[in-house]
Amino acid sequence: MGGAAVRENQSDIAALQAGLKARKPARDGLRLYTAPPTFESVSLSGFYRGRSAFLMLSGPSLKQIDLSLLDARGIVTMAVNNAWSVRRPTLWTCVDDPGRFIDVGWKDPGILKFVPTCMWDKRLKVMNPDGTLRNSAFKVHQMPGVLFFRRSDHFDHERFLTGDTISWGNDAKNPDSLGITGKRSVMLVALRLLHYLGFSTVYLLGCDFKMDAERKYAFDEHRAANAIRHNNVLYDSLSRRFEALKPHFEKHRFRVVNCSPGSALEVFEKMAFEDAVKAAASECGKPIRTDGWYEPNPKASAPQQEAAR
């Protein structure tokens with residue numbers, strides 16, 4: 001016997017038809033892809049339109065602020081690399097090999113992860129009790145909440161927020177629009193993604209833009225002297241790029257605010273972390289009253305009505 005015919009809800013059909021009729025072309029050509037075997041193309045352009053986000057980078061100053069304030073309603077966070085070990089974010093991204101990042105974050109279904117497409121079949125790492133790493137039984141595409149994006153190997157300060165790929169810097173042979181070669185960074189990817197998702201304001205945390213042997217990251221990690229030098233050179237190049245990006249950001253109404261104590265990045269406006277949280281949470285910060293949403297509240301007594309006039 002055949003199953004009962006499926007009857008679609010007529011209100012939903014009418015709403016869908018109206019929505020499709022009013023549909024406008026996406027403002028951003030960037031597409032994301034689900035994990036295989038489907039590899040479906042999806043668009044999240046403007047998904048968080050007009051809201052604010054806190055971008056948690058890896059500088060030591062991330063540990064100097066009270067991150068529990070980010071528990072307030074209305075707050076969305078994005079972390080990069082192993083900054084997700086300092087605080088669990090809403091969103092996360094990387095550009096390096098996935099085996100460099102703590103497996104617990106990969107396995108967390110509550111974190112939406114944006115990953116370069118070329119890494120979909122790469123294997124994760126797991127840490128042994130003695131601190132050494134071994135291959136995980138899992139690969140990136142087997143993890144929950146993963147979307148893939150395509151990267152661009154050219155940085156253009158006049159087109160950074162447009163196009164269907166995400167720039168992470170340049171290769172070592174070809175100069176970018178400012179004459180800089182190399183100098184790739186996950187921070188570029190994070191900002192591009194946040195703009196694509198519709199955030200109009202991004203507050204930078206852990207954006208120290210300086211590294212030395214005593215202050216490397218907000219989490220424990222080793223760094224050789226040459227790696228520290230490389231990062232400091234990278235910060236200088238990123239500062240030049242961000243200076244060039246300011247008119248482009250203003251044109252696209254994309255505001256970046258630095259809330260990192262003692263940061264060496266002077267390009268963007270600065271704000272105290274507490275003030276940024278207050279601003280970002282203001283829309284959802286009013287007291288909540290639950291009675292009266294399912295059914296009307298009982299009529300107020302006559303004295304109450306009189307007092308309300």
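**Local features of the predicted model**

Val 104 is found in helix 2 (residues 103-107), where helices (H or I, at least four residues) and strands (E, at least two) are DSSP runs numbered from the N terminus. The structure is a predicted model, in which local features need pLDDT of at least 70 and side-chain atom pairs count only at pLDDT 80 or more, whereas totals for chains, interfaces and linings use all residues. Residues are numbered from 1 along each chain as its sequence is written, and side-chain values use heavy atoms, with hydrogens and water left out. At 58% relative accessibility, Val 104 counts as exposed, given that buried means under 20% relative accessible area, exposed over 50% and partly exposed in between (1.4 Å probe, protein chains only). Although Val 104 and Val 126 are 22 residues apart in sequence, their C-alpha atoms are 9.0 Å apart in space.

Strand 7 (residues 123-127) contains Arg 123, which counts as partly exposed because its relative accessibility is 33%. The C-alpha atom of Arg 123 is separated by 6.0 Å from that of Phe 138, a residue 15 places away along the chain. When residues up to four places away in sequence are not counted, Arg 123 touches Pro 98, Gly 99, Asn 135, Ser 136, Ala 137, Phe 138 and Lys 139, a contact being defined by heavy atoms within 4.5 Å. Two of these neighbours also offer backbone oxygens to the arginine: the side chain of Arg 123 reaches that of Ser 136 at 3.1 Å and that of Ala 137 at 3.3 Å. Here a polar contact is a pair of N or O atoms within 3.5 Å; within protein, one atom must be able to donate a hydrogen and the other to accept it, and residues adjacent in sequence count only if both atoms are side-chain atoms.

The residues of strand 9 (residues 146-149) alternate in direction, with Val 146 and Phe 148 pointing one way and Leu 147 and Phe 149 the other way, and all are buried. Strand 9 pairs with strand 6 (residues 112-116) in the parallel sense over four bridges, where pairing requires that DSSP finds at least two bridges between the two strands. Within this pairing, Leu 147 of strand 9 is the bridge partner of Phe 114.

Leu 147 and Phe 148 are also touched by Thr 34, whose contacts, residues up to four places away in sequence not being counted, further include Phe 39, Glu 40 and Val 42. Thr 34 lies in the loop between strand 1 and strand 2, and its side chain makes a polar contact of 3.0 Å with the side chain of Thr 38. A polar atom of the Thr 34 side chain also lies 2.9 Å from the backbone nitrogen of Glu 40. The loop that connects strand 1 (32-33) with strand 2 (41-42) is the place of Pro 37 as well, and a cis peptide bond, with omega of about 15°, joins Pro 36 and Pro 37. Phe 39, in the loop between strand 1 and strand 2, has a positive phi of about 45° although it is not a glycine; with a relative accessible area of 30%, Phe 39 is partly exposed.

A positive phi, of about 60°, is also found at Phe 209, likewise not a glycine, which is located in the loop between strand 12 (201-205) and helix 4 (225-251). Phe 209 is buried, its relative accessible area being 9%.

Helix 3 (residues 186-196) packs with helix 4 at an angle of about 30°, and their axes are 11 Å apart; axes are lines fitted to C-alpha atoms, for helices over the stretch in contact, and angles run from 0 to 180 degrees between N-to-C directions. Helix 3 is therefore roughly parallel to helix 4, as angles under 35 degrees count as roughly parallel, over 145 as roughly antiparallel, 65 to 115 as roughly perpendicular and the rest as oblique. In this contact, Met 187, Leu 188 and Leu 191 of helix 3 meet Leu 238, Arg 241 and Phe 242 of helix 4. The residues of the contact divide into five nonpolar, no polar and one charged, with Ala, Val, Leu, Ile, Met, Phe, Trp, Tyr, Cys and Pro counted as nonpolar, Asp, Glu, Lys and Arg as charged, and the others, Gly among them, as polar. Helix 3 is largely enclosed by the rest of the structure, because eleven of its eleven residues are buried. At the N-terminal end, helix 3 is capped by Ser 185, a side-chain oxygen of which lies 3.0 Å from the backbone nitrogen of Met 187, while just after helix 3, Gly 198 takes a positive phi of about 105°.
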